[in-house]
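The questions below ask why certain labels apply to parts of a structure. Each answer sets a value against its cut-off.

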Amino acid sequence: MEITGPTILENARLATPGGMVQGAIAIDGDRIAAVGDTPPGAWARVDLQGRLVTAAPIDCHTHIVHGGNRAREWEMRLQGASYEEVARAGGGIVSTVAATRGASEDELLAQALPRVDALLAEGVSCIEIKSGYGLDLETELRMLRVARRIGHVRPVRVRTSFLGAHAVPKGAEADAYIDGTCIPALKAAHAEGLVDAVDGFCEGIAFSVAQMERVFAAAKALGLPVKLHAEQLSHMGGTALAARHGALSVDHVEYATEGDARLLAASGTVAVLLPGAFYAIRETQAPPVAAFRAHGVPMAVATDCNPGSSPLTSILLAMNMACTLFRLTPDEALAGITTHAARALGLTDTGALAPGLRADLCIWNVETPAELANRIGFNPLHARIFGGRAC
């Protein structure tokens, strides 16, 4: 399908913020010009024959740039080891650090692109990419440079998150690492224009609330928004910390409470659900979805693509898992990978079918969002439109 000028995509089923609409969507340049009605004027027309049109998916939580793999740890977990036991035995995040430190920028890019391409094949228009597998200044910056390069060599938007506070390096002490390596690396990355947001891992095997508070203070001094991995394996108080700082998102949140839900609702922070990690580490404590619904907390859904706890490169499978494991409705899952995912990244120009927003959208060979979330291992994408261009 080609779009070479102002174009009306007609005879479509449109998944809009207000619900399903039968009609047309007009694209002019890189923007949506109209939704539902046909605007006047000389427009090219494309008959979509009743196909579903949605905003293009956004993967708002990934660790897609990394070296090596952790298949052996997966085998260990199959034999009964817990995620925390693997980490404390020298596996987990720190086991990826050596492979990432040993890879050049070009090698990291070459390893990341097949994972990126898998997401683009399912229509993804924007990917958040974290650092966090360097745990030293040089490698953290290298990862972020690779993330920026991905946005230049593929038709996709990239948002970067500095995740220096991901794990304590082997042989280091947490407080000394935060003050002597993590915060200086953040400042260097910001000076190079590599950081869109600042993230961290608040957990017993990572960093405490007090330690993350110092990272957040450094982010605030640089004018950067924050987000946080929190309440994945236990209740550490990270969600309250994130809400107190007006974080863009708090991610995982399996052990969050109803009180946490109230705090997130008040702060406007998005709860990012990561069912791939829940599935891969065989977690049994599901996020408090009912509490999030009751208090109006926006729920995003993402792959958490990483080499250990969520080696997932399918946003459609993430939707299915969110529905099957967490009992989201298909409409909630679709909003989770579009509207709420955009909000989790601080983006206001994408994530929905609405006039004036970027023309980042997908045309699917299905009739309803339920069909997107229902199938497993099947990709019904008919066309991907990025910035008003079919690609």
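The turns below deal with helix packing, nonpolar cores and single residues in this predicted model.

Q: Why are α6 and α7 called roughly parallel to each other?
A: The axes of α6 (residues 174-191) and α7 (residues 209-221) cross at roughly 20 degrees. Angles under 35 degrees count as roughly parallel, so α6 and α7 get that label. Their axes come within 10 Å, and the crossing is right-handed.

Q: Which residues of α6 meet which residues of α7?
A: From α6, Ala-174, Asp-175, Ile-178, Asp-179, Cys-182, Ile-183 and Leu-186 take part, and they meet Gln-211, Arg-214, Val-215, Ala-218 and Ala-219 of α7. Sorted by class, this contact has eight nonpolar, one polar and three charged residues.

Q: What makes α4 oblique to α5?
A: Helix α4 (residues 105-120) packs on helix α5 (residues 137-153) at an angle of about 50 degrees. Roughly parallel needs an angle under 35 degrees, and roughly perpendicular begins at 65. The angle of α4 to α5 falls in neither class, and α4 is therefore oblique to α5. The two axes are 10 Å apart, and the crossing of α4 and α5 is right-handed.

Q: What residues make the contact of α4 with α5, and how do they divide by class?
A: On the α4 side are Glu-105, Asp-106, Leu-108, Leu-109, Ala-112, Leu-113 and Val-116, and on the α5 side Arg-142, Arg-145, Val-146, Arg-149, Ile-150 and Val-153. They divide into eight nonpolar, no polar and five charged residues.

Q: Which residues touch the most other members of the largest nonpolar core?
A: That core has 95 residues, and the ones that touch the most other members are Val-65, Ile-150, Phe-162, Val-195, Val-198, Met-212 and Phe-292. Another core, of 17 residues, lies apart from it, and its members include Ile-3, Ile-27, Val-46 and Leu-353.

Q: What does Phe-162 touch, not counting residues up to four places away in sequence?
A: Its contacts include Leu-144, Cys-182, Leu-186, Val-195 and Val-198, as well as Ser-131, Glu-140 and Asp-199.

Q: Why does Gln-49 count as exposed?
A: Exposed means over 50% relative accessible area. Gln-49 has 58% relative accessibility, so it counts as exposed. Gln-49 lies in the loop between β4 (44-47) and β5 (52-55). Its phi is near 55 degrees, a positive value in a residue other than glycine.

Q: Is His-252 buried or exposed, and how do you know?
A: Buried means under 20% relative accessible area. His-252 has 1% relative accessibility, so it counts as buried. His-252 is part of strand β11 (residues 249-252), and although it is not a glycine its phi is positive, at about 90 degrees.

Q: Why does Ala-34 count as buried?
A: Its relative accessibility is 14%, and the limit for buried is under 20%. Ala-34 lies in strand β3 (residues 31-36). Leaving out residues up to four places away in sequence, Ala-34 touches Ala-24, Ile-25, Ala-26, Pro-39 and Pro-355. Ala-34 and Gly-356 are 322 residues apart in sequence, but their C-alpha atoms are 8.1 Å apart in space.

Q: What makes Leu-48, in the loop between β4 and β5, a buried residue?
A: Leu-48 has a relative accessible area of 1%, and under 20% is buried. Beyond its neighbours within four places in sequence, Leu-48 is in contact with Met-1, Leu-9, Glu-10, Asn-11, Ala-12, Val-53 and Ile-363.

Notes: Residues numbered from 1 in each chain as written. Predicted model: local features only at pLDDT ≥ 70, side-chain atom pairs only at ≥ 80, totals over all residues. Heavy atoms only, no water. Axes fitted to C-alpha atoms, helices over the stretch in contact; angles between N-to-C directions. Helix = DSSP H or I, 4+ residues; strand = E, 2+ residues; numbered from the N terminus. Parallel < 35°, antiparallel > 145°, perpendicular 65-115°, else oblique. Left-handed = near helix turned anticlockwise from the far one by under 90°. Contact = heavy atoms within 4.5 Å. Nonpolar A, V, L, I, M, F, W, Y, C, P; charged D, E, K, R; others polar. Core = buried A, V, L, I, M, F, W, Y, C linked by side-chain atoms within 4.5 Å. Buried < 20%, exposed > 50% of the residue type's maximum accessible area, 1.4 Å probe, protein only.
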